[in-house]
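I opened my notebook to look up a few places in this model. Here is what I wrote down as I went.

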Amino acid sequence: MKIVAVKTAVVEANYDYTYVRVYADSEEYGTGECFFAPGLTAIIRELAPLLVGKDPRHVDRLTRELRRAASGAGAVAGYAHNAISGMETALWDLVGKHFQVPVWQLLGGQFRDRIRVYADCHAGEGLESYGPALLPREPAWFRQEQAKRKQTSDLADPLSPAAFATRARQAVARGFDFLKFDLDAIHGQPTDILTRPLTHTEIEQMTEIVSVLRQTVGPDIEIALDCHWRYNLTDALKIARALEPFKVAWLEDALPPESVDGFRVLRESTTVPICTGENLYLREGFKPLLEQYAVNIISPDFQKAGGLLEAKRIADLAGLYEIPVAPHNISSPLGTIASCQVCSTLANFMVLEFHGQDVPFWDDLVTGVPKPLIQKGQIQVPAGPGLGVELNEAVAKEYAKAGEPFFT
């Protein structure tokens with residue numbers, strides 16, 4: 001069994017859903033999904049010759065060879081992880097299909113067959129679409145959805161407490177019992193995003209938002225809050241202490257991802273659980289956080305942390321420190337199911353992110369599973385071979401990104 005080709009396709013959704021497909025001479029193939037990045041498909045094309053002619057069943061060895069090739073014989077970093085993670089997932093899908101077993105079986109078997117999911121709600125409105133460099137864009141589906149919402153929405157300010165409350169009620173009505181909101185969204189884009197401190201008024205606005213959310217959903221719905229690395233330690237401490245009365249699930253990414261000492265001080269100074277990890281790679285990236293007990297929860301993104309096997313290894317490492325895993329996830333249903341395959345094998349799994357509730361065609365992008373994919377805030381892990389789902393190519397082509405190949 002030998003690999004004969006590696007091809008890509010990109011769907012223009014709320015982000016670029018970047019797919020990589022590995023073909024074997026057995027006429028089988030596997031599909032994976034990568035976290036978006038500038039120039040991502042070009043990286044995959046550069047790395048693809050390293051796989052061609054190799055036996056796909058040696059997933060771990062091939063993944064390490066890809067990392068070494070991308071590293072210049074030094075430490076691999078950056079976007080190469082996004083590409084390699086998707087390629088590795090495609091290998092697992094291919095191998096699972098070949099042996100007629102699900103990926104979770106190849107990773108050691110299950111602790112659970114249903115995965116709890118939380119709804120990322122953004123703010124009072126969640127309709128968005130960004131390119132690989134996080135520049136806003138308006139594809140056709142976005143404009144249509146925007147026009148539809150303008151006709152039905154009666155909220156003038158999507159960043160008001162009332163808008164946040166409405167958004168929370170909608171998510172709960174869909175069956176979610178765990179929500180996340182972007183606490184930093186209420187400030188808009190600052191003049192100086194790198195150094196800007198918070199005012200007392202802004203922290204009071206944050207506190208009001210969370211207070212309204214808690215009153216709206218009651219004590220039994222979990223609320224997590226994201227800050228997207230925007231604050232310094234002094235302001236992060238103020239935010240965390242202001243949120244303590246509201247029993248939030250966690251405060252996420254209040255500091256830059258490399259600020260291990262800052263996260264440790266923050267965790268030690270508040271009763272609010274502290275979470276980070278979506279911009280870290282491999283076990284080596286998480287090891288300092290874990291060794292210093294700098295966080296209460298880690299949130300690796302399985303589409304860029306190094307692959308599905310590496311994701312399991314990261315979680316197992318966290319388990320040595322009694323730290324749970326709540327994976328970050330902004331992927332399509334295919335990447336989400338890939339994450340579910342891993343989550344089902346983790347003893348210390350907590351909850352998985354869902355970031356697609358404002359993409360009208362999200363559910364339609366895969367076949368082979370019941371719809372909607374998320375029911376009562378949970379996903380049933382497929383029992384079929386490989387990932388247990390297939391990309392719906394007809395739908396994917398309809399929303400394919402112009403200028404990118406579609407598995408050609």
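**Entry: Ile84**

I started with Ile84 and asked whether it is buried or exposed. Ile84 is buried, because its relative accessible area is 1%, and the cut-off for buried is under 20%. This is a predicted model, so I read every value here as computed. I found Ile84 in helix H3, which covers residues 80–99.

Next I asked which residues Ile84 touches, apart from those up to four places away in sequence. I noted Leu47, Thr63, Leu66, Arg67 and Ala70. I also looked up Ile44, which lies 40 residues from Ile84 along the chain. The C-alpha atoms of Ile84 and Ile44 are separated by 7.6 Å.

**Entry: the sheet**

I then turned to an open sheet of three strands, with the order S1-S2-S3 and antiparallel pairing. Its edge strands are S1 (3–12) and S3 (29–34), each of which pairs on one side only. On average, neighbouring strands of this sheet are turned by 20° against each other, direction ignored.

How many bridges join S1 and S2? I counted nine in the record of pairings, in the antiparallel sense. The two strands form a hairpin, with three residues between them. As a sample position, I noted that Val10 stands opposite Thr18 in S2.

On the other pairing, S2 (residues 16–24) meets S3 in the antiparallel sense over six bridges. Here my sample was Tyr19, whose bridge partner in S3 is Glu33.

**Entry: Thr8 and its strand**

I went back to S1, since Thr8 has its place there. Thr8 counts as buried because its relative accessibility is 4%, again with under 20% as the cut-off. Leaving aside neighbours within four places in sequence, I listed its contacts: Tyr19, Val20, Thr41, Ile44, Pro405, Phe406, Phe407 and Thr408.

Why do I describe S1 as largely enclosed by the rest of the structure? Seven of the 10 residues of S1 are buried, so the description holds.

**Entry: the cysteines**

I looked for disulfides and the structure holds zero. Cys340 is in no disulfide, and the nearest cysteine sulfur, that of Cys343, is 6.0 Å away. Why is there no bond at Cys343? The closest cysteine sulfur, in Cys340, is 6.0 Å from the sulfur of Cys343, which is too far for a bond. The cut-off I used is sulfur atoms within 2.5 Å.

I checked burial for this pair as well. Cys340 counts as buried because its relative accessibility is 0%. Cys343 is buried too, with a relative accessible area of 0%.

**Entry: helix H6**

My last stop was helix H6, residues 161–173. H6 has 13 residues and reaches 18 Å from its first C-alpha to its last, close to the 18 Å expected at 1.5 Å a residue.

Which residues of H6 are buried? I wrote down Ala163, Phe164, Ala165, Arg167, Ala168 and Ala171. What covers these buried residues includes strand S4 (114–122), strand S5 (178–182) and helix H7 (200–217).

I closed the page with Gly175, which follows H6 and has a positive phi, near 105°.

Definitions and conventions: Residues are numbered from 1 along each chain as its sequence is written. This is a predicted model: local features need pLDDT of at least 70, side-chain atom pairs count only at pLDDT 80 or more; totals for chains, interfaces and linings use all residues. Side-chain values use heavy atoms; hydrogens and water are left out. Helices (H or I, at least four residues) and strands (E, at least two) are DSSP runs, numbered from the N terminus. Buried means under 20% relative accessible area, exposed over 50%, partly exposed in between (1.4 Å probe, protein chains only). Contact means heavy atoms within 4.5 Å. Two strands pair if DSSP finds at least two bridges between them. Axes are lines fitted to C-alpha atoms, for helices over the stretch in contact, and angles run from 0 to 180 degrees between N-to-C directions. The expected span of a helix is 1.5 Å times one less than its number of residues.
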